[in-house]
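Subject: Structure for your review

Dear colleague,

Please find below the structure I am handing over to you, together with its sequence. I would be grateful if you could read the notes that follow beside it.

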Amino acid sequence: MPETPPAFPQWPGQHLGLPESGPRSIARYGRRLAAVAIDWALAVLLAVAFFQYDALVLQGLFVLLQIVPLVLLNASVGHLLLGMRLQRIEGGGLGAWRPIVRSVLLGLVIPALIVDNDQRGLHDRAVRTILLRR
């Protein structure tokens with residue numbers, strides 16, 4: 001008889017067939033937070049250098065610094081530096097609308113804090129993406 005999946009997975013992504021650690025495993029909180037901090041720091045540097053640290057411009061730069069690299073590379077600058085990539089749950093390309101919606105929701109902060117058993121925030125669940133280690 002086939003084994004039934006556990007009611008509560010032992011690690012994030014287990015029920016999706018993803019490994020517990022290493023390449024293709026779900027990126028954990030520490031790595032994610034560090035990547036967001038890198039992306040935010042880059043946005044702050046640009047806002048200070050070119051826009052007198054305007055708060056609204058800073059937020060817009062952060063969202064833009066998420067969208068552009070996600071569309072082109074499937075990863076933000078922070079993701080790239082820390083060995084992560086974004087992909088669709090179903091596989092295939094992200095397209096343009098997924099990075100835009102995901103980045104706007106990430107910029108609102110709260111959706112990213114509400115996570116499921118796979119450590120996917122509402123911003124990832126809304127566009128059916130998952131952040132994996134490279």
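The notes below cover the nonpolar cores, the largest pocket, the salt bridges and two individual residues. Please bear in mind that this is a predicted model.

Nonpolar cores

The largest nonpolar core consists of 9 residues, namely Ala43, Ala47, Leu58, Leu61, Phe62, Val63, Leu65, Ile67 and Leu106. At least two residues of this core come from each of α1 (29-51) and α2 (55-73). The greatest contribution is that of α2, which provides 6 residues. Another core, of 7 residues, lies apart from this one, and its members include Ala27, Ala35, Leu94 and Leu131. As a general remark, nonpolar side chains in soluble globular proteins tend to be buried together.

Leu106 belongs to the largest core and deserves a separate word. Setting aside residues up to four places away in sequence, Leu106 touches Phe62, Gln66, Ala112 and His123. Of these, Phe62 is itself a member of the largest core.

The largest pocket

Leu106 also appears in the lining of the largest pocket, where it is among the residues nearest the centre, together with Leu33, Val36, Ala112 and Leu113. The volume of this pocket is about 430 Å³, and 21 residues line it. Four helices, α1, α2, α4 (97-107) and α5 (110-113), each supply at least two residues of the lining. Here α1 gives the most, with 6 residues, whereas in the largest core that place belongs to α2. Sorted by class, the lining comprises 11 nonpolar, 7 polar and 3 charged residues.

Salt bridges

The count of salt bridges comes to 6. Two of them may be described together through Asp116. The side chain of Asp116 meets that of Arg120 at 3.8 Å, N to O, and that of Arg125 at 3.7 Å, N to O. How exposed or buried are the residues involved? Asp116 has a relative accessible area of 22% and is therefore partly exposed, the limit for a buried residue being under 20%. Arg120, at 9% relative accessibility, counts as buried, while Arg125, at 41%, counts as partly exposed.

Elsewhere, Glu90 and Arg88 form a salt bridge through their side chains, at 3.5 Å, N to O. Glu90 counts as partly exposed, with 43% relative accessibility. In addition, a network of salt bridges links Arg32, Arg102 and Asp124.

Two individual residues

Arg128 is placed in the loop between α6 (122-127) and β2 (129-133). With a relative accessible area of 43%, Arg128 is partly exposed. Which residues does arginine 128 contact, leaving aside its neighbours within four places in sequence? They are Gln87, Arg88, Ile89, Glu90 and Arg120. This set includes both partners of the Glu90 and Arg88 salt bridge, as well as Arg120, which pairs with Asp116. The C-alpha atoms of Arg128 and Val109 are 18 Å apart, the two residues being separated by 19 residues along the chain.

Leu72, by contrast, is placed in helix α2. Its relative accessible area is 65%, so Leu72 is exposed; the threshold for that class is over 50%. Leu72 does not figure among the 9 residues of the largest core, although α2 gives the most to that core. The distance between the C-alpha atoms of Leu72 and Asp39, which are 33 residues apart along the chain, is 16 Å.

Yours sincerely

Terms used. Residues numbered from 1 in each chain as written. Predicted model: local features only at pLDDT ≥ 70, side-chain atom pairs only at ≥ 80, totals over all residues. Heavy atoms only, no water. Core = buried A, V, L, I, M, F, W, Y, C linked by side-chain atoms within 4.5 Å. Buried < 20%, exposed > 50% of the residue type's maximum accessible area, 1.4 Å probe, protein only. Contact = heavy atoms within 4.5 Å. Salt bridge = Lys/Arg side-chain N within 4 Å of Asp/Glu carboxyl O. 1 Å grid on protein atoms, 1.4 Å probe; cavity = no way out; pocket = protein on both sides within 12 Å on 5 of 7 lines; lining within 4 Å. Points joined across faces, edges and corners; volume = space filled by probe spheres on them. Nonpolar A, V, L, I, M, F, W, Y, C, P; charged D, E, K, R; others polar.
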